[in-house]
Amino acid sequence: MWEFAPLRIPMIRRLQTLAVSHFVFCFLALAATCTLLTIYITLFTSYWPITTAYLVFLFLDRNTPESGGRRSEWVRNWSLWKWMSDYFPCTLHKTVDLDPKRNYIFGIHPHGVLCIGSFTHFSTNGSGFSHVFPGFTSYLTMLPFWFKMPFFRDYVMSGGLTPATRKAIKHTITRPGGGHICCIIPGGAPESLNARPGDVVLLLKQRLGFLKLAITNGVPLVPVFSFGDHALWEQKPNPPGSLIRRFQDSSQKWMQVALPVFHARGIFQYNFGLIPYRRSVHTVVGEPIEVPQNSNPTSEDLMSLQEDYINRLRAIFDEHKSKYLPEDCKLIIN
Ligand SMILES: *[C@@H]1O[C@H](CO)[C@@H](O)[C@H](O)[C@H]1NC(C)=O
Ligand SMILES: *[C@@H]1O[C@H](CO)[C@@H](O)[C@H](O)[C@H]1NC(C)=O
């Protein structure tokens with residue numbers, strides 16, 4: 001039976017659905033749309049001088065993403081992001097105050113299908129980041145590949161996004177004066193293949209890069225758990241070894257893009273579509289782990305930090321899960 005959205009819906013709920021649709025469209029199709037339009041305009045229309053000038057700018061501006069990007073507090077403060085945050089709603093919780101004279105690395109788990117929590121909290125002001133962490137500027141990292149896409153890159157940079165490269169992360173965490181937070185999603189796109197209602201499955205044991213960056217720069221590391229982010233869409237079962245998973249793993253390897261097969265609801269009906277469910281997301285920022293600076297960490301140093309990190313992350317999960325998740329939901333760390 002098809003279940004349609006009622007015709008009489010308060011305007012604010014329509015705006016929330018619009019904002020989420022905009023995000024899903026941007027995530028899935030905006031980069032390709034921008035790239036194809038730029039090629040088309042340059043080759044086949046008389047507006048080619050505009051796109052050609054832009055491509056020259058793109059070349060001259062090629063180092064900007066890795067050196068802090070080009071954020072716009074105005075874009076981050078758009079009502080669009082507040083509507084998006086209120087759709088679920090997304091709530092940002094802190095457990096301790098951080099010192100605005102220092103820089104931090106946030107490790108955010110899980111990725112979820114389209115990183116709704118991480119994006120809303122850390123690359124927009126939609127859930128009130130500037131109130132929760134006064135004096136801080138957040139930089140969310142994302143696959144470097146996206147920063148090569150014309151126009152799309154400028155849009156994502158306006159939210160404060162930077163590439164997930166060693167150089168860009170180092171730039172953020174070594175900024176003088178403190179107050180800079182580099183937000184990393186260690187599980188990355190491969191973790192999105194595990195996102196579905198049920199247990200939370202993280203990819204973390206092989207992820208040493210962010211730990212190494214924390215040690216070599218002596219920057220405190222903060223575990224962050226985003227409750228509910230994994231359950232916003234359904235995803236076709238893809239156990240390891242299945243045909244669909246083998247295809248996803250090879251596309252991941254060759255194109256760096258994860259291809260989760262997900263669905264939830266549509267804009268006008270509740271049975272099928274790419275719009276996520278209206279389910280709350282609670283993102284809990286834990287206590288910082290002090291990491292003494294060490295330019296040449298051994299693998300034992302990394303492993304011992306990893307153990308500490310995983311224990312702290314589990315502690316956040318255990319302490320808050322009964323408030324935010326169904327009772328039988330387990331945390332599995334691979
Ligand atoms: C951000 O937007 C809110 C309303 O949406 C407004 O009250 C606030 O002043 C804005 N902040 C800045 C710094 O412009
Ligand atoms: C962030 O949003 C809050 C409202 O939730 C607003 O009061 C504040 O001024 C905004 N901050 C910035 C930097 O836009």
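**Exercise 1. Describe the accessible surface of the chain in this predicted model.**

Step 1. Take the total: the accessible surface of the chain comes to about 16400 Å².
Step 2. Ask which atoms own it: 62% belongs to carbon and sulfur atoms.
Step 3. Turn to the interior. Buried means under 20% relative accessible area. Buried residues make up 50% of the 334 residues in the chain.

**Exercise 2. Work out how compact the chain is for its length.**

Step 1. List the elements: the chain has 12 helices and 11 strands.
Step 2. Compare two values. The radius of gyration is 20 Å, and the globule rule gives 20 Å for 334 residues, so the chain is as compact as a globular protein of that length.
Step 3. Add the dimensions. The C-alpha trace spans about 55 × 55 × 45 Å along its principal axes.
Step 4. Check the contacts. Take those with a separation of 6 or more: 79% of them join residues 24 or more positions apart.

**Exercise 3. Find what surrounds ligand 2 and which side chains make polar contacts with it.**

Step 1. Name the shell: N77, N125, S130 and H131.
Step 2. Sort the shell by class. Four residues are polar, none is nonpolar and none is charged.
Step 3. Apply the cut-off: a polar contact is a pair of N or O atoms within 3.5 Å.
- N125: an N or O atom of its side chain is 2.4 Å from an oxygen atom of ligand 2.
- S130: a polar side-chain atom lies 2.8 Å from a nitrogen atom of the ligand.
- H131: a polar side-chain atom lies 3.2 Å from an oxygen atom of the ligand.

Step 4. Finish with the cover. On its own, ligand 2 has 360 Å² of accessible area, and the protein covers 55% of it.

Conventions:
Residues are numbered from 1 along each chain as its sequence is written. Chains are lettered from A and ligands numbered from 1 in the order in which they are written. This is a predicted model: local features need pLDDT of at least 70, side-chain atom pairs count only at pLDDT 80 or more; totals for chains, interfaces and linings use all residues. Side-chain values use heavy atoms; hydrogens and water are left out. A residue is near a molecule or strand if one of its heavy atoms lies within 4 Å of it. A polar contact is a pair of N or O atoms within 3.5 Å; within protein, one must be able to donate a hydrogen and the other to accept it, and residues adjacent in sequence count only if both atoms are side-chain atoms. Accessible areas come from the Shrake-Rupley method with a 1.4 Å probe; for residues, only the protein chains shown count as cover. Ala, Val, Leu, Ile, Met, Phe, Trp, Tyr, Cys and Pro count as nonpolar, Asp, Glu, Lys and Arg as charged, and the others, Gly among them, as polar. Helices (H or I, at least four residues) and strands (E, at least two) are DSSP runs, numbered from the N terminus. The radius of gyration is taken over C-alpha atoms; the globule rule is 2.2 Å times the number of residues to the power 0.38. Buried means under 20% relative accessible area, exposed over 50%, partly exposed in between (1.4 Å probe, protein chains only). Contact means heavy atoms within 4.5 Å.
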